[in-house]
Amino acid sequence: MARNMTAQSNSLPHTSVQTLHHSMTIHEEEGILRRKGAGFHTPSNFALQHLFCPIWGDEYTCRSPYKVAREGLEFYSLFRIVNGYLYFLYDGTEFTAKPGDVVFIDGRKKHRYFAKEPVTFLHFNFRGNASEAYFQLLTQQGVLFHNSPEVLPMFQSIILELTQTDPNEHMLSSQIHLLLSALTNQESKKLSSAIARAQNYILSNYEKNILVDDIAAEVQLSKYHFSRQFKAETGYSPHEYLFEVRIRNARKLLAETNKSIESIAINCGFTNTSSFIRAFKKETMVTPAMFRKFFDPSGFR
């Protein structure tokens, strides 16, 4: 039987938040064999404005005919499969999550998940802070993340903290941020061969007067298709990535060498010293000369 989130949360008495802290069998919901560590939390105004805010989380062990159908929820949901398989229909796409997988969905979109055979999974819902931005960043290639063993302790820590009488909102936010960061690191490794070659080309030629057209030609893609794919896989446009590489190397030369600002500008691919100084200050809020003084023991005497 499909569950309606609003109805369920409103009908659940306050005392059940405490009684669900322990492993127990759920009799009123079809297919749920065990629900362990369920915790519910009402975030403070400070948390809603500044932190990642988990609303509730728990560990389920289910079997057929367990199924959930929802839409219109104003938060995001994260799942981590422990044992078995959980089947999803999300945003018009069907997929299966297996042990070790993580699923990240936007509750505002229609979604359904269900069990065919016994499955155990950890699950929590959250909102606030940069939730939407992280969702957009992480799910450009899809909402299913394979083989993510490093996030299991983070899921467990979040759900455990939610079971406390007075959950620490800052600890919860920190754990969610760590979890999202871990997924980000995992996704950053999934570059197509063309984009990986493009990055290597930029790193090897940033000091030259190269254009996006040159990089696209190097990997044999049209400029338009290349730019879209590069942005999707790295989070940067090709121009932004090239600029970041140039500024990063300029910082290194300013901090570690005695080269003149003029030569550093040329070495890092800027057309002239003035454009380098303007770009560097816009990026770092200080001029190259001021930045260099930070690394000069006698600079502020």
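1. Ser-77 is buried, with a relative accessible area of 2%, and since the cut-off for a buried residue is under 20%, this value falls on the buried side of it. The model is a predicted one, and the points below should be read with that in mind. Ser-77 has its place in strand S4, which covers residues 76–83.

2. What does the side chain of Ser-77 touch? With the side chain of Asn-125 it makes a polar contact of 2.4 Å. If neighbours within four places in sequence are left aside, Ser-77 is in contact with Val-103, Phe-104 and Ile-105, and also with His-123, Phe-124 and Asn-125.

3. The setting of Ser-77 becomes clearer when strand S4 is considered as a whole, for six of its eight residues are buried and the strand is mostly covered. Strand S4 is joined to strand S7 (residues 102–106) by five bridges, and these two strands run antiparallel; here Leu-78 stands opposite Phe-104. Strand S4 is also joined to strand S9 (residues 119–127), again in an antiparallel manner, by seven bridges, and in this pairing Tyr-76 stands opposite Phe-126.

4. A reader who follows the strands may find one general rule helpful: in a regular strand the side chains alternate between the two faces of the sheet.

5. Strands S5 (residues 86–90) and S6 (residues 93–97) run antiparallel and are joined by five bridges, with Phe-88 standing opposite Phe-95 of S6. Two residues lie between the strands of this hairpin, and Asp-91 takes a positive phi near 55° there.

6. Which residue of S8 is the bridge partner of Leu-89? The partner is Arg-112, and it belongs to a pairing in which four bridges join S5 to S8, the two strands running antiparallel. Strand S8 (residues 111–114) also pairs with strand S3 (residues 67–70) over four bridges in the antiparallel sense, and in that pairing Arg-112 is the bridge partner of Ala-69.

7. Turning to the helices, H7 has 13 residues and reaches 18 Å from its first C-alpha to its last, which is close to the 18 Å expected at 1.5 Å a residue. Its buried residues are Ala-194, Ile-195, Ala-198, Gln-199, Tyr-201, Ile-202 and Asn-205. Because these residues cover an arc of only 160° around the axis, they are on the same side of H7. The buried residues of H7 pack against H8, H9 and H10.

8. The spacing of such residues is easier to follow with a general point about helices: an α-helix has 3.6 residues a turn, so residues three or four places apart point the same way.

9. Helix H9 (residues 223–234) can be checked for length, because its 12 residues should span 16 Å at 1.5 Å a residue, and its end C-alpha atoms are indeed 16 Å apart. In H9, the residues Phe-226, Gln-229, Phe-230, Glu-233 and Thr-234 are buried. Seen down the axis, the buried residues of H9 fall within an arc of 105°, so they line one face of the helix.

10. What does the buried face of H9 pack against? The buried residues of H9 pack against helix H7 (193–205), helix H8 (212–218) and helix H10 (238–256). On the other side of H9, by contrast, Tyr-224 and Arg-228 are exposed. Just after H9 comes Gly-235, which takes a positive phi of about 85°.

Definitions and conventions
Residues are numbered from 1 along each chain as its sequence is written. This is a predicted model: local features need pLDDT of at least 70, side-chain atom pairs count only at pLDDT 80 or more; totals for chains, interfaces and linings use all residues. Side-chain values use heavy atoms; hydrogens and water are left out. Two strands pair if DSSP finds at least two bridges between them. The expected span of a helix is 1.5 Å times one less than its number of residues. Buried means under 20% relative accessible area, exposed over 50%, partly exposed in between (1.4 Å probe, protein chains only). The arc is that of the directions from the helix axis to the C-beta atoms. Contact means heavy atoms within 4.5 Å. A polar contact is a pair of N or O atoms within 3.5 Å; within protein, one must be able to donate a hydrogen and the other to accept it, and residues adjacent in sequence count only if both atoms are side-chain atoms.
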